[in-house]
Structures are given as structure tokens and as C-alpha cells.
Amino acid sequence: MAAETSPTPAKLGFIGAGIMGVPMALNLMKAGHELVVWNRTASACQPLVDAGATLALSAAEACEKSEVTFVMVSTPEAALACAEAAAPGLSSGKGYVDVSTVDAGTSSKISEMIKATGASFLEAPVSGSKAPAEQGALIFMAAGDKALYDSVKAPLDTMGKAHFFLGDVGAGAKMKLIVNSVMGSMMASFAEGLCLTKAAELDQDTLLEIMSLGAINTPMFAMKGPNMIKGEYPPAFPLKHQQKDMRLALALGDELAQEMPVAAAANEMYKTARRLGKDDDDFSAVIAAIGRK
């Protein structure tokens, strides 16, 4: 991350008012940024409007009234649809920063669409879920237009604790999928260990304590473990999105002829959990695939 920062855009757009978008946008407003917001379901923007944001009637209007627009939606299909809807409001001098998690191919299509309007494009998918979004502690993996990246460092600093510029469009998307495939595999293995502990008639809370004292201690295990033991999965990162990221990471592995046996096995667990109705639960509900319903 470079030390120099370009002038910060005066007015920002924000498209997407979901579990991640709302806290991210609220943090931008708390930091003094003027926001124009849009979401396909307008009522989801109400917390942002209540906090002082201007509600746009379309994605294009949000972009037209802003210097730089951030986008946080849940799927590659939604990200493409947003870019199509936003394009009429973009022009030379404007910026479009998509922080959604998509595959590199989708990001390249969005980049082409945005740059055809004369605007600049940056992909910047995030590592982190609901709590880090609320705390302004996300990690951004950016790629694309370097000048746009330099100009939005202040908003990125507001929403996150770190940001990295990785090069050309696609690099950020690939890095994010790798991070999430590792995370998903770790959670699947953790769920397996909790179930094995119970089957062996050992105390699961003691397992958490032992793990917390060793080299495999991670904040994710400490945060998710107690609820997993109770069979509760309040959604911070919905399981259906984790499985989507596993699928996209495995597709990247196929493209590069890279073996991914651990991620492939974990993906099957997430698919099983989805069939058990866990789509909208936290991704820690993957434990349902091997024992706890």
C-alpha cells in the first residue's frame, strides 16, 4: 500500500443494501462521506436513508449523482446485472468499484462494460463478514485502475483495516476465491472435529479450549465454535454464499489444472448442508452435513 493518497471523491454511490452493504455504507457516512444509495429492493436501503443517505431510483441514477460508486452484491449474476443497470449513469471521470465476490471472468466482463462508458473500474472483493463490516475491519483485494485505487484509499480505510493492490483485473477476484476456499475448508474440518469429539463422548467445549491454546487457534474457531456446539447458526456469512465461493474456486482450479482435493471434499459438505435447508444460515451450519441437524 502506497503512502500517497489522491483526493477523495466528494460524493459516493453505494449499490447493494444487504448483510454487508448496509454496515459498509453506514461506516462511510459516519466518516463524513455523502452517499447516494440504491438496491433492487428499495426498502432494504431504509437504514441508510434514515442515517442521511439519498435514495436513488435506479442504479444509473446512483452513478450519475456520484463521483465513485461502490457495489456490494451477492452473486456474479447480480454483479453483472448491476453493472448493466449502472452503465447509463457512468461517463468519463467517474469510477466504479465492485467489492462483490465474483470469478475473474465475470469481473473482466464488468470491467469491459464499465470502461466502455469512459468510466474507470476497480475490483476490490473483501475478506470479512458481518462483524468486520460493522467494525470497519474488512480486507480489500483490489485490482484494475491504479489511479482509481489511489483515489478511494480513504473510503477503503474507513471500511477496512487493510487493502492491497494486486495488479490487473481478475487478480483480486482470484485472490478472494483462494482465501474463501481455504476458509471454507477450515470450517468443514472444524465441524468434522466437533462431531468426532461428540461421537467419542468427549467435551466439545474442552476441545475449543485446547485448540485456543495451540498453533491452530484462529478467531473463526473461537467465534463460531460455541454456537456450533449449541446448534445455532446466526448468519454472518450465509452458507449458500460460501458454497458459491467454493464452486468458483474449484472452477479456477480446473482452469489452471490445479489439484484441489481438500476444497472439493469440503464443497460436497456445503452442498449437503444446502440440501438440508441451511442456505441462509451461517456457513458454520456446514456441521449439519455430518451430524448435527
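This briefing covers a helix pair, one further helix and one strand with its pairing partners. The model is predicted. Helices α12 and α13 cross at roughly 150°, the buried residues of helix α11 lie on the same side of that helix, and strand β8 is mostly covered.

**Helices α12 and α13**
- Helix α12 spans residues 239-255 and helix α13 spans residues 261-275; their axes come within 9 Å.
- The crossing of α12 past α13 is left-handed.
- On the α12 side, the contact is made by L239, K240, Q242, Q243, M246, R247 and L250.
- On the α13 side, the contact residues are A263, A264, A266, N267, Y270, K271, A273 and R274.
- By type, eight residues of this contact are nonpolar, three are polar and four are charged.

**Helix α11**
- In α11 (residues 219-230), M220, F221, K224, G225, M228 and I229 are buried.
- These residues cover an arc of only 135° around the axis, so they sit on the same side of α11.
- The buried residues of α11 pack against α9 (171-199) and α10 (204-212).
- Exposed residues P219, A222 and K230 are carried on the face turned away from the buried side.
- G231, just after α11, has a positive phi of about 75°.

**Strand β8**
- Five of the seven residues of β8 (residues 138-144) are buried.
- β6 (residues 120-123) pairs with β8 in the antiparallel sense over two bridges, and E123 stands opposite A143.
- β7 (residues 126-127) also runs antiparallel to β8, joined by two bridges; V126 has F140 as its bridge partner.
- β9 (residues 160-165) pairs with β8 in the parallel sense over five bridges, with G160 as the bridge partner of L138.

Terms used: Residues numbered from 1 in each chain as written. Predicted model: local features only at pLDDT ≥ 70, side-chain atom pairs only at ≥ 80, totals over all residues. Heavy atoms only, no water. Axes fitted to C-alpha atoms, helices over the stretch in contact; angles between N-to-C directions. Helix = DSSP H or I, 4+ residues; strand = E, 2+ residues; numbered from the N terminus. Left-handed = near helix turned anticlockwise from the far one by under 90°. Contact = heavy atoms within 4.5 Å. Nonpolar A, V, L, I, M, F, W, Y, C, P; charged D, E, K, R; others polar. Buried < 20%, exposed > 50% of the residue type's maximum accessible area, 1.4 Å probe, protein only. Arc of directions from axis to C-beta. Pairing = 2+ DSSP bridges.
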